[in-house]
Amino acid sequence: MSKVKVGIIGAGTITRKHLDVIAEMDWIEAVGITSRTRSKAEHVAQEYGIPVCADDVESLLKQAHPDTLMILVSAEQMYHVASNVIPFGLPLFLEKPPGLIPDETKTLAALAQEHSVQTMVGFNRRYYSVFQKGRDIILDNGTLLGVSVEGHERFWKIADMVEKKKLRSKWLYANSTHTIDLLRFFGGELSNVHAVAHSYIEKNFDQFAAVMEFESGALGNYMAHWYSPGGWGVRLFGEGVTVEFEPLEQGVWINTDFNKHEIVPDDADLNYKPGFYRQMEAFGEMVRSGTLNWPGQDLEEAYNTMCLAEKISCSEL
């Protein structure tokens with residue numbers, strides 16, 4: 001079987017994380033790269049042995065003839081770049097977020113449907129090995145009863161950083177959807193959401209609390225206080241077992257005797273940015289088969305996660 005030829009758009013830090021994985025896989029190869037700053041693209045091309053460094057996407061397609069494209073640009077650029085790339089008709093991987101408001105993601109999803117483009121959005125935490133193992137532990141013991149997610153952002157450290165200023169008012173979509181998406185990943189679709197949001201400093205709120213009911217009957221809650229010390233964490237509640245991830249890359253499960261047992265991550269999550277190896281495998285399967293399997297999310301599914309974030313921010317109330 002011939003290798004999947006991928007073209008890279010963007011030359012930032014996250015690009016290198018993806019290329020570290022691609023370099024270790026024998027079924028895929030990076031054949032070209034472009035970035036709005038050519039010098040950065042040239043450095044990445046030299047570092048990873050990418051044969052084509054192009055001035056723009058059109059030149060990349062003509063010179064490298066990729067089978068698929070990965071859009072790995074910043075959050076501010078993603079909507080504009082994706083809007084221009086989707087009409088080329090190739091399968092796409094888009095780093096999260098695909099838009100800074102839900103309507104942008106909805107527009108991209110409609111554009112992809114119009115051009116029959118298969119997409120995958122990079123919610124890499126869906127591919128954490130500890131998450132899959134923790135989920136299996138819950139289901140092996142019965143039914144998932146509840147999901148609790150904390151998404152504290154440590155905003156006092158990042159609010160005034162130059163590169164974040166454009167994202168400040170959209171941070172819930174630009175970054176917090178990483179944790180909000182875990183509600184849907186673990187619990188499935190939701191039937192009811194009740195939320196309150198307060199503002200300590202940020203005009204679009206920086207304190208969030210929500211309770212919810214999943215279609216399965218499980219209960220969920222989400223809490224985030226951006227200006228209070230804390231981090232990201234998840235708890236899953238099952239029949240006689242609780243699973244905890246805090247930080248998200250580490251897990252333990254607890255039985256009714258309150259004995260804690262470590263959930264050990266797979267080597268793929270220890271050797272590369274967690275979730276990226278299996279995410280790339282899923283993307284490759286999508287390119288080859290034309291089907292994106294769960295837990296992958298296309299633009300339509302990413303839009304659903306952004307709509308949940310909108311509800312948690314009380315934007316619809």
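Contact here means heavy atoms within 4.5 Å, and with that in hand we can start walking through this predicted model. Helix H1 lies across strands E1, E2, E4 and E5, and its direction makes about 155° with that of E2.

Those strands belong to an open sheet of six, ordered E3-E2-E1-E4-E5-E6, and the pairing is parallel. At the edges sit E3 (52–54) and E6, each pairing on one side only. From one strand to the next, the twist averages 25°. If you want a spot to zoom in on, look at E5 and E6: they run parallel and are joined by four bridges. Leu94 has Val121 of E6 as its bridge partner.

Now jump along the chain to helix H10, residues 276–289. Does its length add up? With 14 residues at 1.5 Å a residue, H10 should span 20 Å, and because its end C-alpha atoms are 20 Å apart, the expectation and the model agree. Its buried residues are Phe276, Gln279, Met280, Ala282, Phe283, Gly284, Met286 and Val287. What do they pack against? The partners of these buried residues are strand E1 (4–9), helix H1 (13–22), strand E2 (28–34), strand E4 (68–71), strand E5 (92–95) and strand E6 (119–122). Right after H10 comes Gly290, with a positive phi near 80°.The other sheet is also open, with eight strands in the order E8-E9-E10-E7-E11-E12-E13-E14 and mixed pairing. Here the edge strands are E8 (190–198) and E14, each of which pairs on one side only. Ignoring direction, neighbouring strands of this sheet are turned by 15° against each other on average. Within the sheet, E7 (residues 146–151) and E10 (residues 219–225) pair in the parallel sense over five bridges, and Val147 has Gly220 of E10 as its bridge partner.

Helices pack on this sheet too. Helix H6 (residues 129–140) lies across E11 (232–237), E12 (242–245), E13 (251–254) and E14, running at about 165° to E12. Helix H11 (residues 299–312) touches E8, E9 (207–214) and E10, and its direction makes about 45° with that of E8.

On to the nonpolar cores. In soluble globular proteins, nonpolar side chains tend to be buried together. The largest core in this model has 45 residues, and the members that touch the most others are Phe131, Leu183, Phe186, Tyr222, Leu236 and Phe245. Helix H8 gives the most to this core, with nine residues. A second, separate core has 29 residues, including Ile8, Ala11, Ile22 and Ala282. Back in the largest core, Phe131 is worth a click: leaving aside neighbours within four places in sequence, its contacts are Arg125, Leu182, Phe185, Phe186, Phe245 and Leu248.

Two more residues round off the tour. His178 is found in H8 (residues 171–187). With a relative accessible area of 12%, His178 is buried, because the cut-off for that is under 20%. Beyond its neighbours within four places in sequence, His178 is in contact with Lys96, Gly122, Asn124, Arg125 and Trp232.

Lys260 sits in strand E14 (residues 260–263). Its relative accessibility is 58%, so Lys260 counts as exposed. Even so, leaving aside neighbours within four places, Lys260 is in contact with Glu244, Trp253 and Ile254. From the C-alpha atom of Lys260 to that of Leu183, 77 residues away along the chain, the separation is 23 Å.

Note on methods. Residues numbered from 1 in each chain as written. Predicted model: local features only at pLDDT ≥ 70, side-chain atom pairs only at ≥ 80, totals over all residues. Heavy atoms only, no water. Helix = DSSP H or I, 4+ residues; strand = E, 2+ residues; numbered from the N terminus. Expected span 1.5 Å × (residues − 1). Buried < 20%, exposed > 50% of the residue type's maximum accessible area, 1.4 Å probe, protein only. Pairing = 2+ DSSP bridges. Axes fitted to C-alpha atoms, helices over the stretch in contact; angles between N-to-C directions. Core = buried A, V, L, I, M, F, W, Y, C linked by side-chain atoms within 4.5 Å.
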